[in-house]
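Visitor: I would like a quick tour of this model. Please keep the answers short and end each one on the value or name I ask for.

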Amino acid sequence: MEKEINISKEGLIKSLEAKGTDQEELHKKAAEVRDKNLSKNVYFRGIIEFSNVCQNDCLYCGIRKSNKKLKRYSMTKQEILDSVEFCNKANYGSIVLQSGESQTKQFTDFVTDIIKTIKKKYPNIGITLCVGEQKKEIYKKFFEAGAHRYLLRIETSNEEHYNKLHPKDMSFKNRRQCLIDLKDIGFQVGTGVMIGSPFQTIENLAEDLLFFKENDIDMVGMGPYIPCDETPLKNPNHNPEKNLNLGLNMIATLRLMMPDINIASTTALQALNPIGRELGLKAGANVIMPIVTPTKYRENYQLYQDKPCINESSEDCMHCITRRIRSVNLNPAFGGWGDSKHFFKRVKDGS
Ligand code: 5AD
């Protein structure tokens, strides 16, 4: 098979820096690779941001523990089930349960119970979890309860860089171990990084792409870093335009490297450009995550400044996203789980 991309570090950097017609070519090629290896289907993951309570103090994140200005919330079981019912009616096929991080038994029992309840009531809905670092036995409980995909962003694949973005009590090694544990248990595993985060170099981004490949990741969700007022990290060199282009080039380059994985066109892209998510799809992404969190909670789940959709209802988001997918001549794949094709190949190959 013809090699789609030179995956030396230099080759990747060249691809990440593509501009003008080179960039257009790159995105076009990536979209073709997606269409050929997957299809023109774009799968939905209705995202329920069910709690902003977080034990971590990540230096970039708006819901960090030290942000005392934030009103904390945790949705009730019934509120979560109502949001799932919305996804069921909208025929989204899959949901993502996302929250701040907590390792208390009360929290992990709550999550396990909610997964079981959802699976019982809606066996046809696929469940992705995004509730941070947990012990392996807890991941196992989540899996046995019926969640089958897990997202845990590594944030950066460079340990030194990781340490600059996180407090001392968080460790790169632990996060990496979590990804290994998740894979070992049988989850479809997703990870990702922030693009344009403080202290990041273009070499770091090229290494991030190689990290996804070397770790045989099934799904990737990565988005541009956006500064947040209530955090200690300011990025004096923050350049939204540059970050957007880097974000899109990361998607396109990754698609050429890993043709059969799922790649999300993330909400953060839309924070930088009104049609950011469409551009992500045009650059080779095949998953989109409409927000289903009740509107009253949305303003308190701002991981970064100017997060889109915070005044919208789940209904608004459904219509808006469907229109966005169609506007770039792709097919909103209602009803399907849209599991990672890469995962099935990986399992078959025994890796
Ligand atoms: N800008 C962009 N993305 C952010 N996240 C957290 N804070 C920010 C920010 N300021 C992302 C992290 C996390 C995900 C849930 O949100 O990558 O893993």
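Guide: Accessible areas here come from the Shrake-Rupley method with a 1.4 Å probe. Keep in mind that this is a predicted model.

Visitor: What is the accessible surface of the protein chain, and what share of it belongs to carbon and sulfur atoms?
Guide: The accessible surface comes to about 15200 Å². The share of it that belongs to carbon and sulfur atoms is 51%.

Visitor: What radius of gyration does the protein chain have?
Guide: The C-alpha atoms fill a box of roughly 50 × 40 × 40 Å along the principal axes. For 351 residues, a compact globule would have a radius of gyration near 20 Å. The chain agrees with that, because its value is 19 Å.

Visitor: How many helices and strands does the protein chain have?
Guide: Both kinds of element occur in this chain. The secondary structure comes to 14 helices and 12 strands.

Visitor: What share of the contacts links residues 24 or more positions apart?
Guide: Start with burial: 60% of the 351 residues are buried. Now take the contacts with a separation of 6 or more. Residues 24 or more positions apart account for 76%.

Visitor: How far apart are the centres of the positive and negative side chains?
Guide: The chain has 51 positive and 44 negative side chains. Each set has its own centre, and the two centres lie apart by 3 Å.

Visitor: Which helix gives the largest share of the largest nonpolar core?
Guide: That core has 96 residues, and L97, F142 and F212 have the most contacts inside it. The largest share, nine residues, comes from helix α9.

Visitor: How many residues are in the other core, the one with I47 and V96?
Guide: This other core lies apart from the largest one. Its members include I47, V96, I291 and C317. The number of residues in it is 11.

Visitor: Which elements do the buried residues of α1 pack against?
Guide: Helix α1 covers residues 9-16. Its buried residues are G11, L12, I13, S15 and L16. They pack against α2, α8 and α9.

Visitor: Is L16 buried or exposed?
Guide: L16 sits in helix α1. Leaving aside neighbours within four places in sequence, its contacts include I202, L205, L246 and M250. Its relative accessibility is 2%, so L16 counts as buried.

Visitor: How far is L16 from V96 in space?
Guide: Along the chain, L16 and V96 are 80 residues apart. Their C-alpha atoms are separated by 29 Å.

Visitor: Is E214 buried or exposed?
Guide: E214 lies in helix α8, residues 202-214. From F142 it is 72 residues away in sequence and 26 Å away in space, C-alpha to C-alpha. At 65% relative accessibility, which is over the 50% cut-off, E214 counts as exposed.

Visitor: F212 was named for its contacts in the core. Which residues does F212 touch?
Guide: Set aside residues up to four places away in sequence. F212 then touches T191, G192, V193, I217, V220, M222, L254 and M258.

Visitor: What is the phi of F199?
Guide: F199 is in the loop between β7 and α8. It counts as partly exposed because its relative accessibility is 48%. F199 is not a glycine, yet its phi is positive, at about 70°.

Visitor: And what is the phi of D216?
Guide: D216 lies in the loop between α8 and β8. With a relative accessible area of 19%, D216 is buried. It is not a glycine either, yet it has a positive phi of about 55°.

Visitor: Which residues does P167 touch?
Guide: P167 is in the loop between α6 and α7. It counts as buried, at 18% relative accessibility. P167 and D57 are 110 residues apart in sequence, but 6.4 Å apart in space, C-alpha to C-alpha. Not counting residues up to four places away, P167 touches D57, C58 and L59.

Visitor: How far is F110 from N243 in space?
Guide: F110 lies in helix α4 and is partly exposed, at 26% relative accessibility. Its contacts beyond four places in sequence are F50, M75, T76, K77 and I80. N243 is 133 residues away along the chain, and the C-alpha separation is 37 Å.

Note on methods
Residues are numbered from 1 along each chain as its sequence is written. Side-chain values use heavy atoms; hydrogens and water are left out. Helices (H or I, at least four residues) and strands (E, at least two) are DSSP runs, numbered from the N terminus. The radius of gyration is taken over C-alpha atoms; the globule rule is 2.2 Å times the number of residues to the power 0.38. Buried means under 20% relative accessible area, exposed over 50%, partly exposed in between (1.4 Å probe, protein chains only). Contact means heavy atoms within 4.5 Å. Lys and Arg count as positive and Asp and Glu as negative; His and the chain ends are not counted. The place of a charge is taken as NZ of Lys, CZ of Arg, CG of Asp or CD of Glu. A nonpolar core is a set of buried Ala, Val, Leu, Ile, Met, Phe, Trp, Tyr and Cys residues joined through side-chain atoms within 4.5 Å.
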